[in-house]
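Reader: I should be grateful for a close look at a single part of this structure, namely its aromatic rings. Please explain how they are arranged with respect to one another.

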Amino acid sequence: MRHGHAVCALDVARPEGEPCRFVVADLLRYETLPRLVSGFDAVVHLARKRFPYTEKGYDPASGTWKIPDAPDDAETFARNVEMTYNVLAAACDAAVRKIVVGSSLAVYGFYYPLRPSWPEYVPVDEGHPRRPQDPYGLSKLIGEELGESFSRRSGAQVASLRFSGIYTEDHRALLLERKKNPTIRGTGALWSYVDVRDAARACRLALEADFAGCENFNICAPVTLMDSTTPELVGRHLPHGVELREKSNTNWSGYSTRKAREMLGFEASFLFAG
């Protein structure tokens, strides 16, 4: 809104204060959506059912995650895929020309592996193979494929933003905990993070950019949470054989944001200090 965009929010729950126009909508009900998005220039789809075991599912002994609730896992996958399909289909049917979809770095398969999984190289760029094992990462992988499909079908510009963990000041204690214990939730995040204000700016920049087809972008801070250099972290906590493609012996993110910087003009401004 501060950059001159007229904004309408759609959600099942009414926000406090309603800073912009708001419409109650259930993204699992496709029949209501084409009418709601008709006439808009762009759609940003961020709704999701989160991975439910983030704080309790990690097993340090094996370095893997446990997902003990098969029905809930199936619901996580199904709801995320259905919401993304419905939004993309409705936006394309309404001739919306630009669409941003919230994806996740979990698509690479290192965040929540059920069996050990490591990157082939770091920093991980958008061309790295995507091999998620968990229902959340799988749902985001399918969401990206849906973006590709609907872009081919309609000609719409689609940006899939692969967010790192998004943090606010309320998460400071959690970030400090992770700084003290680099493997407390595994190493899949490669100690990456992004401030919520930077995540929001990435969405805006993805709408304002012009490119053809569907593109995927890693969205995170350019440095890790840790005080150690990234080569030190990789050498200490990742297995031998992970290729270091960044030769600088400094602190740099384990996920490359070069593409987002070059195509969207995005670089995180709010870096964690603690």
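Author: The following account concerns the aromatic rings, their pairs and the charges placed over them. The model is a predicted one. Across the whole structure, a search finds eleven aromatic pairs. A pair of aromatic rings is described by two quantities, the distance of the centres and the angle of the planes.

Consider phenylalanine 51 and tyrosine 53, whose ring centres lie 5.4 Å apart with 85° between the planes, an edge-to-face pair. Both phenylalanine 51 and tyrosine 53 are buried.

Tyrosine 111 and tyrosine 255 form another pair: their planes stand at 50° and their centres are 6.5 Å apart, so this pair is tilted. It links distant parts of the chain, 144 residues apart. Tyrosine 111 belongs to the loop between strand 6 (98-104) and strand 7 (121-122), whereas tyrosine 255 belongs to the loop between strand 12 (243-244) and helix 7 (258-264). Tyrosine 111 and tyrosine 255 are likewise buried.

These four residues are members of one aromatic cluster, formed by Phe51, Tyr53, Tyr58, Trp65, Tyr108, Phe110, Tyr111, Tyr112 and Tyr255.

Aromatic rings also take part in another kind of arrangement, with charged side chains. Arginine 245 lies over the face of tyrosine 121, at a distance of 3.6 Å from the ring centre. In the case of phenylalanine 270, the charged end of arginine 197 sits over the ring, 3.7 Å from its centre.

How values were computed:
Residues are numbered from 1 along each chain as its sequence is written. This is a predicted model: local features need pLDDT of at least 70, side-chain atom pairs count only at pLDDT 80 or more; totals for chains, interfaces and linings use all residues. Side-chain values use heavy atoms; hydrogens and water are left out. Rings of Phe, Tyr and Trp (its six-membered ring) pair if their centres lie within 6.5 Å; planes under 30 degrees apart count as stacked, over 60 as edge-to-face and the rest as tilted. Buried means under 20% relative accessible area, exposed over 50%, partly exposed in between (1.4 Å probe, protein chains only). Helices (H or I, at least four residues) and strands (E, at least two) are DSSP runs, numbered from the N terminus. A charge sits over a ring if NZ of Lys or CZ of Arg is within 6 Å of the ring centre and within 35 degrees of the ring normal.
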